[in-house]
Protein chains: 2
Amino acid sequence: MTTATMQYEAIDQNDVNYLLSIVGEEGLFVGENNIHDDYSGDELAGIERYPEVLVYPKNTQEISKILKYANENRIPVTSRGQGTGLVGGSVALYGGIMLSTEKMNNILELDEENLTVTVEPGVLLMDLTAFVESHDLFYPPDPGEKSASIGGNVSTNAGGMRAVKYGVTRDFVRGIEFVMPDGTVMNFGGKIVKNSSGYSLKDFVVGSEGTLGVISKLILKLLPLPKHKLSLLVPFKDLSSAIKTVPEIIKSKSIPTAIEFMQGKVILASEEFLGKKFPDNSSDAYLLLQFDGNSKEEIEMNYEKVADICLECGALDVLISDTDERHDSLWTARGAFLEAIKASTTQMDECDVVVPRNKVADFIIFTDQCQKECDIRISSFGHAGDGNLHVYLLRDEMDEETWNKKAAAVFERMYQKAFEMGGAVSGEHGIGFAKLPYLEEEFGEKGMELFRRIKLAFDPNEIMNPGKLGSNYRVSLY
Amino acid sequence: MTTATMQYEAIDQNDVNYLLSIVGEEGLFVGENNIHDDYSGDELAGIERYPEVLVYPKNTQEISKILKYANENRIPVTSRGQGTGLVGGSVALYGGIMLSTEKMNNILELDEENLTVTVEPGVLLMDLTAFVESHDLFYPPDPGEKSASIGGNVSTNAGGMRAVKYGVTRDFVRGIEFVMPDGTVMNFGGKIVKNSSGYSLKDFVVGSEGTLGVISKLILKLLPLPKHKLSLLVPFKDLSSAIKTVPEIIKSKSIPTAIEFMQGKVILASEEFLGKKFPDNSSDAYLLLQFDGNSKEEIEMNYEKVADICLECGALDVLISDTDERHDSLWTARGAFLEAIKASTTQMDECDVVVPRNKVADFIIFTDQCQKECDIRISSFGHAGDGNLHVYLLRDEMDEETWNKKAAAVFERMYQKAFEMGGAVSGEHGIGFAKLPYLEEEFGEKGMELFRRIKLAFDPNEIMNPGKLGSNYRVSLY
């Protein structure tokens with residue numbers, strides 16, 4: 001690996017004055033004492049690093065001026081949406097400028113003839129969803145964290161629960177207005193449906209975790225809102241039986257909107273956390289399925305076939321939720337799992353691997369072995385229908401040294417297992433800095449070198465989010 | 001623009017001997033006298049350039065050895081599927097090695113649990129389609145040219161007619177085995193459904209037109225085969241009325257599988273070319289729509305609504321094709337349009353622009369103006385539902401100088417108009433060398449510089465397909 005030798009300059013009063021002239025006093029915070037501690041970390045990565053300056057640009061031109069200046073003066077820039085990441089992608093590892101898109105939260109245009117919505121990057125996922133649904137339209141990506149910004153979703157190529165039927169964030173990004181590190185504003189894609197005009201720069205940016213430049217505007221693809229939906233909650237005697245049902249469902253050529261798996265113990269934690277009862281908590285394992293469509297007949301045909309398959313595969317029952325209220329309460333509970341597990345322990349860390357969907361059961365059996373052999377509590381839930389697991393290691397009462405050592409050893413085993421199965425490091429949370437060592441295991445030195453060369457093609461002065469994807473710099477944390 | 005100063009070395013006997021040791025006598029052809037003239041051009045770009053050597057590798061290892069050698073000796077390599085391109089993407093502008101994937105045409109694995117098929121790049125689209133449909137599965141991308149190779153489809157991000165509902169080739173590529181120019185074999189993506197593990201190298205390769213390395217294996221996403229389909233042929237009094245109906249259909253929240261537009265004169269040409277009657281040829285303009293789904297009720301609900309909208313928007317009639325035979329004969333005729341127009345003139349050139357779908361009618365009105373003002377015959381058809389037009393300029397009896405001048409002037413006007421409308425150079429045929437000047441107009445010098453830097457990140461010795469996307473070299477042709 002190329003090691004860091006270059007250092008970034010510290011921000012001085014001249015820099016502050018210049019930034020002030022762009023964003024004004026209300027858009028600038030300087031120094032640890034004035035910057036809220038939310039901006040020193042994210043939801044999970046367990047590291048605290050403050051930027052030297054926090055700025056809130058209000059439009060593309062301000063972003064452009066900030067980047068141009070930072071690029072000329074080699075000041076690191078870390079962009080941040082709502083900081084709901086789990087792997088440290090938006091933590092300012094090298095100080096410098098943190099560029100928050102929070103004030104750029106306008107929905108700019110709904111185009112019903114092209115089925116697109118144009119938004120600023122700071123719009124929250126939940127606001128976007130509510131807006132388009134009020135126009136009888138549908139933005140299908142459905143990550144658990146609804147208070148994330150759409151810019152952050154695009155930067156991590158967030159997935160969510162409906163990927164089985166609809167795909168992930170990438171599949172719904174039509175166009176990106178992008179500010180290059182030298183301040184040049186470029187447009188990749190647009191309202192167009194097809195595009196074979198050069199390397200797909202739009203797809204370079206999706207999932208690039210803020211390391212190539214800053215997203216200043218997004219054109220997203222919409223679909224008509226399906227008129228009906230229905231959920232099935234299906235208890236099984238154990239998780240392995242539950243998950244083994246999923247390839248049978250897929251093979252039957254029925255494609256539900258979502259297929260989630262959950263352990264009984266996670267449901268109990270979620271009930272405690274939310275103070276609300278789940279429709280059933282008596283079994284060790286569950287599948288939660290969602291179906292949508294434009295006619296009740298279409299959905300019925302689909303779900304009845306799937307219910308039969310579940311029963312043939314050992315399901316103990318099939319509970320149907322066919323009112324909006326029951327449907328929503330089920331999925332709200334599902335959305336709270338991460339927070340519920342977090343509240344059940346002192347500290348945790350996650351593994352967001354994705355494996356081919358017919359390997360999920362084997363992977364879960366493997367994590368059970370790890371739990372026993374390594375004497376560490378592991379909770380998991382995830383997207384059985386698309387092979388993306390969320391496996392959480394829980395610290396509970398371990399001392400720090402034991403925790404660090406044990407977590408590292410278990411992660412190492414789990415990622416190796418995922419790679420053996422044809423899987424990848426991250427299904428939807430991204431790499432940030434926390435997962436870089438595993439990315440290196442997946443891609444090898446040649447792959448990491450390619451990432452670095454691509455990064456330099458966009459960002460020759462390496463100002464964008466150093467210490468992350470494609471960076472020549474690596475902060476040693478543990 | 002950076003201009004070419006470096007020259008490539010000519011291939012000598014040592015090079016030939018080395019290639020012979022890899023692919024054997026049956027896999028090697030040397031010199032213009034021994035290379036079939038098919039390999040000197042493509043279907044339309046109107047240029048003849050022979051490679052110095054034509055090789056047929058049989059597997060990934062052979063590709064790897066060929067590239068490693070070419071990279072060390074700075075020999076250009078142009079990979080080629082079936083040569084059905086229209087913009088010169090597979091023409092060996094700088095001689096060197098032509099690497100044909102024709103012998104790598106095996107379907108390797110159908111995985112029904114993960115809904116994927118793994119294929120070699122030389123598999124023909126029509127063979128792939130027939131294979132998966134015989135297993136009741138569906139590969140939705142549907143470019144007109146069914147004898148293209150799937151490797152070529154991926155390299156141009158081919159679109160086709162079903163993009164309205166299902167998307168384009170990119171949306172169905174799950175994984176790519178890729179040979180880098182230095183011979184390293186890498187795997188991008190896989191059977192996994194989600195992926196947020198580093199820059200999406202898979203998406204860098206899709207649409208990169210053979211300029212970054214060679215695709216040696218593909219994992220493609222499949223869907224269950226829809227059980228029913230139905231087509232509507234809808235005559236209108238003129239093309240503008242026909243096309244103006246499309247945004248109304250989209251706004252109604254009904255998404256047909258395909259919405260094509262066609263001029264009466266193109267139908268007449270196609271009848272003559274195929275020697276078969278179209279169901280109707282009495283009108284000046286038509287929409288051809290396709291619907292598919294798993295229940296007849298679902299399709300009926302959909303098409304009846306759309307038929308009503310068409311009639312409200314001035315359709316003269318709505319002709320329903322609800323048997324497989326009638327349906328297939330309609331779409332066969334549609335598939336022959338390109339060849340039919342080609343047969344109707346002495347020479348032609350194409351414009352494959354894509355614009356937002358509510359701008360298609362205006363663009364077609366504009367091409368009518370061009371036709372009159374520039375006194376040149378123009379035929380067009382295309383994908384009204386996704387905004388991708390195929391506009392053909394016909395040489396007829398023009399002398400060469402007039403043709404070249406007139407075509408250049410008309411193209412210039414059309415591409416500018418497309419850019420004004422928020423469109424792009426190519427919806428699905430790619431850039432090759434023929435459309436590079438217009439790509440430069442779309443992206444400007446900064447964009448072209450970015451393309452070159454990305455190209456160099458993959459291919460520092462610039463051996464892959466020089467003179468095309470991202471290349472520092474530009475052949476002057478006219």
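This section describes the domain layout of chain A, the contact between two of its domains, and the interface of chain A with chain B in a predicted model.

The domain assignment divides chain A into four segments: domain 1 spans residues 13-102, domain 2 spans 107-224, domain 3 spans 228-338 and domain 4 spans 345-433. Attention is given here to the pair formed by domain 3 and domain 4 of chain A, whose C-alpha centres are separated by 23 Å. In this pair, 16 residues of domain 3 of chain A touch 18 residues of domain 4 of chain A. About 1,500 Å² is buried between domain 3 and domain 4 of chain A, and carbon and sulfur atoms contribute 67% of this area. On the side of domain 3 of chain A, the residues that lose the most area to domain 4 of chain A are A:I243, A:F261 and A:L338, which together account for 35% of what that side buries.

With regard to specific interactions, zero salt bridges were counted between domain 3 and domain 4 of chain A, whereas six residue pairs are in polar contact, both residues being at pLDDT 80 or more. At least two residues of the domain 3 side are supplied by each of helix 7 (239-251), strand 13 (258-263), helix 8 (264-274) and helix 11 (337-343) of chain A. Helix 7 of chain A provides the largest share of that side, namely seven residues. Classified by residue type, the side of domain 3 of chain A that touches domain 4 of chain A comprises ten nonpolar, two polar and four charged residues.

The interface between the chains was examined next. Chain B and chain A contribute 86 residues each to the contact. The area buried between chain B and chain A amounts to about 6,500 Å², with 61% given by carbon and sulfur atoms. In chain B, the greatest losses of area to chain A are those of B:K194, B:Y199 and B:K253, together 15% of what the chain B side buries.

Ten salt bridges were counted between chain B and chain A. One of these joins B:K446 to A:D182, with the closest N and O atoms 2.9 Å apart. Across the interface of chain B and chain A, 40 residue pairs are found in polar contact, with both residues at pLDDT 80 or more. The elements giving two or more residues to the side of chain B that touches chain A are strand 9 (185-189), helix 6 (201-205), helix 7 (239-251), helix 9 (296-312) and helix 14 (436-458) of chain B. Helix 14 of chain B makes the largest contribution to this side, with 13 residues. The contacting residues of chain B fall into 34 nonpolar, 29 polar and 23 charged.

Chain B is superposed on chain A by a rotation of 180 degrees with 0.0 Å of shift along the axis, at an RMSD of 0.0 Å. The two copies are therefore related as by a two-fold rotation axis. Both copies use the same surface, since 100% of the contact residues of chain B recur in chain A.

Over all chains of the structure, 55 salt bridges were found. A salt bridge within chain A pairs the side chains of A:E109 and A:K191, at an N to O distance of 2.9 Å. This pair connects distant parts of the chain, 82 residues apart: A:E109 belongs to strand 5 (residues 107-111) of chain A, while A:K191 lies in the loop between strand 9 (185-189) and helix 6 (201-205) of chain A.

Notes:
Residues numbered from 1 in each chain as written. Chains lettered and ligands numbered in written order. Predicted model: local features only at pLDDT ≥ 70, side-chain atom pairs only at ≥ 80, totals over all residues. Heavy atoms only, no water. Domains from an automatic or database assignment. Contact = heavy atoms within 4.5 Å. Buried area = accessible area lost by both parts, 1.4 Å probe. Salt bridge = Lys/Arg side-chain N within 4 Å of Asp/Glu carboxyl O. Polar contact = N/O pair within 3.5 Å; in protein donor to acceptor, adjacent residues only side chain to side chain. Helix = DSSP H or I, 4+ residues; strand = E, 2+ residues; numbered from the N terminus. Nonpolar A, V, L, I, M, F, W, Y, C, P; charged D, E, K, R; others polar. Least-squares fit on C-alpha atoms with pLDDT ≥ 70 in both.
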